[in-house]
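This briefing concerns the strand pairing and selected backbone features of one protein chain. Please consult the sequence and the structure shown below while reading the points that follow.

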Amino acid sequence: MSSPRSDFLRVVTERGFLHQCTDLEALDKRLTEGSATAYIGFDCTARSLHVGSLMQIMLLRWWQKTGNKPIVLMGGGTTRIGDPSGKDEARKMLSDADIAGNMDGIRSVFAKYLSFGEGAGDAVMVNNADWLDHLNYIAFLRDYGKHFTINRMLTFDSVKLRLEREQPLTFLEFNYMILQAYDFAELWARHKCLLQMGGSDQWGNIVNGVELGRRVHQAELFGMTSPLLTTSSGAKMGKTASGAVWLNADMLSPWEFWQYWRNTEDADVGRFLRLFTELPLDEIARLEALKGAEINEAKKVLAGEVTRLAHGAEAAAAAAETARKTFEEGGAAESLPTLALAKGTEIGLAALLVAAGLAASNGEARRLIEQGGAKIDDQPVRDAKATLVIDATVKLTAGKKRHVLVKPE
């Protein structure tokens with residue numbers, strides 16, 4: 001189709017969010033006629049979402065900024081089963097208490113990106129346990145099971161890939177796509193929600209929901225997905241060697257979050273600025289055109305803007321100042337990640353690097369030391385058998401950009 005007329009589809013097309021849509025022209029026409037309601041579902045598998053979910057969060061933010069109403073669907077019910085999409089094995093089963101705790105941790109993320117309230121365009125958060133927990137199994141099968149064929153379900157990637165790899169797919173997981181489709185139909189009945197968005201791995205589940213809403217409620221529903229996001233080197237977003245890049249500050253400090261974006265590969269800067277910030281496109285074009293060492297200035301802008309949205313302007317400014325002191329002045333800024341050890345502790349440098357999360361094993365730590373990649377207070381230490389007595393704060397460094405303050409307590 002030609003350039004979209006609706007503000008939302010124009011923005012997401014220009015910024016690189018759009019991958020597939022069930023009927024793009026019809027959705028564009030509907031969005032020019034007035035505000036609408038859309039949702040994205042998030043299962044509660046951890047106490048925080050990580051940056052792998054950030055594209056979906058930004059989609060909801062743009063949906064609201066262009067005059068529409070977003071629904072954040074918390075998967076209090078579906079988390080009990082686990083989405084098989086993209087997985088080689090079943091997810092770990094979580095207790096109800098675990099799911100409730102994870103949901104509480106995730107809620108705080110969305111308050112940073114969306115405006116919640118009772119108004120027509122305000123975001124709402126709902127929990128699919130509100131309706132899934134009360135389903136009558138026989139009645140559900142009779143009323144909804146007839147709309148799904150095993151033949152069709154076997155063609156979806158989430159099922160096909162698992163079977164091709166000869167990995168077991170439980171009947172429990174097989175039901176997940178039916179329940180997700182039911183969520184969409186239920187959100188239409190309760191909130192007149194007409195669009196479900198998600199990652200490209202959710203396409204089959206989303207199409208199921210569109211079709212179920214049409215059959216059960218005679219509703220014209222739409223589905224839209226964003227592309228699978230990887231870095232230019234092929235790495236999956238949201239993971240680093242030291243673990244997940246969490247959005248909650250109590251699981252990953254704003255400084256470490258800022259640093260993750262500052263370390264973006266050169267080739268990804270423009271794309272990430274379009275997806276994860278709200279900077280104007282002409283300013284992004286200027287930043288991504290920078291060459292050589294100047295591209296680092298664009299990376300600082302990226303880190304600052306993404307951190308500002310996730311953690312607030314004050315945290316973003318503090319992280320930038322920490323970086324300036326650490327890299328430009330060589331100082332030990334107090335907002336670096338810290339490791340507290342009992343005062344007077346004697347510990348080998350290799351073991352300390354592992355304890356600080358700067359090396360995965362003693363062997364890796366020893367190699368890092370012998371190659372000159374380990375520093376104490378900015379001074380290289382090449383003796384893999386070196387020991388330290390922790391009686392004052394020291395800055396421990398691995399490579400050029402990873403730092404931890406080791407403090408006595």
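Two strands are said to pair if DSSP finds at least two bridges between them. The model discussed here is predicted. The points below begin with one mixed sheet, continue with strand β14 within this sheet, and end with K192 and Q218.

**The sheet**

- Five strands make up an open sheet with mixed pairing, and their order is β9-β15-β14-β11-β12.
- The edges are formed by β9 (338-341) and β12 (379-380), each of which pairs on one side only.
- Strands of a sheet pair through backbone hydrogen bonds, in either a parallel or an antiparallel arrangement.
- The pairing of β9 with β15 is parallel and comprises four bridges; within β15, K407 is the bridge partner of A340.

**Strand β14 and its neighbours**

- On one side, β14 pairs with strand β11 (residues 374-376) in the antiparallel sense, over three bridges. Here L396 of β14 is the bridge partner of I376.
- Strand β15 (residues 402-408) also runs antiparallel to β14, and five bridges join the two. In this pairing, L405 of β15 stands opposite K395.
- The hairpin of β14 and β15 has three residues between its strands, and G399 adopts a positive phi near 70° in this hairpin.

**Burial of β14**

- Strand β14 (residues 394-398) is largely enclosed by the rest of the structure, because five of its five residues are buried.
- The covering extends to both faces of the strand: V394, L396 and A398 are buried on one side, and K395 and T397 are buried on the other.
- Two of the residues named for their bridges therefore belong to this buried set: L396 and K395 are both among the buried residues of β14, where buried means under 20% relative accessible area.

**Positive phi outside glycine**

- K192 has a phi near 55°, which is a positive value in a residue other than glycine. This residue lies in the loop between α10 (176-191) and β5 (195-199).
- K192 counts as partly exposed because its relative accessibility is 47%, and the partly exposed class ends at 50%.
- Q218 likewise is a residue other than glycine with a positive phi, near 55°. Its place is in the loop between α11 (203-217) and β6 (222-226).
- Q218 counts as exposed because its relative accessibility is 63%, and the exposed class covers values over 50%.

How values were computed: Residues are numbered from 1 along each chain as its sequence is written. This is a predicted model: local features need pLDDT of at least 70, side-chain atom pairs count only at pLDDT 80 or more; totals for chains, interfaces and linings use all residues. Side-chain values use heavy atoms; hydrogens and water are left out. Buried means under 20% relative accessible area, exposed over 50%, partly exposed in between (1.4 Å probe, protein chains only).
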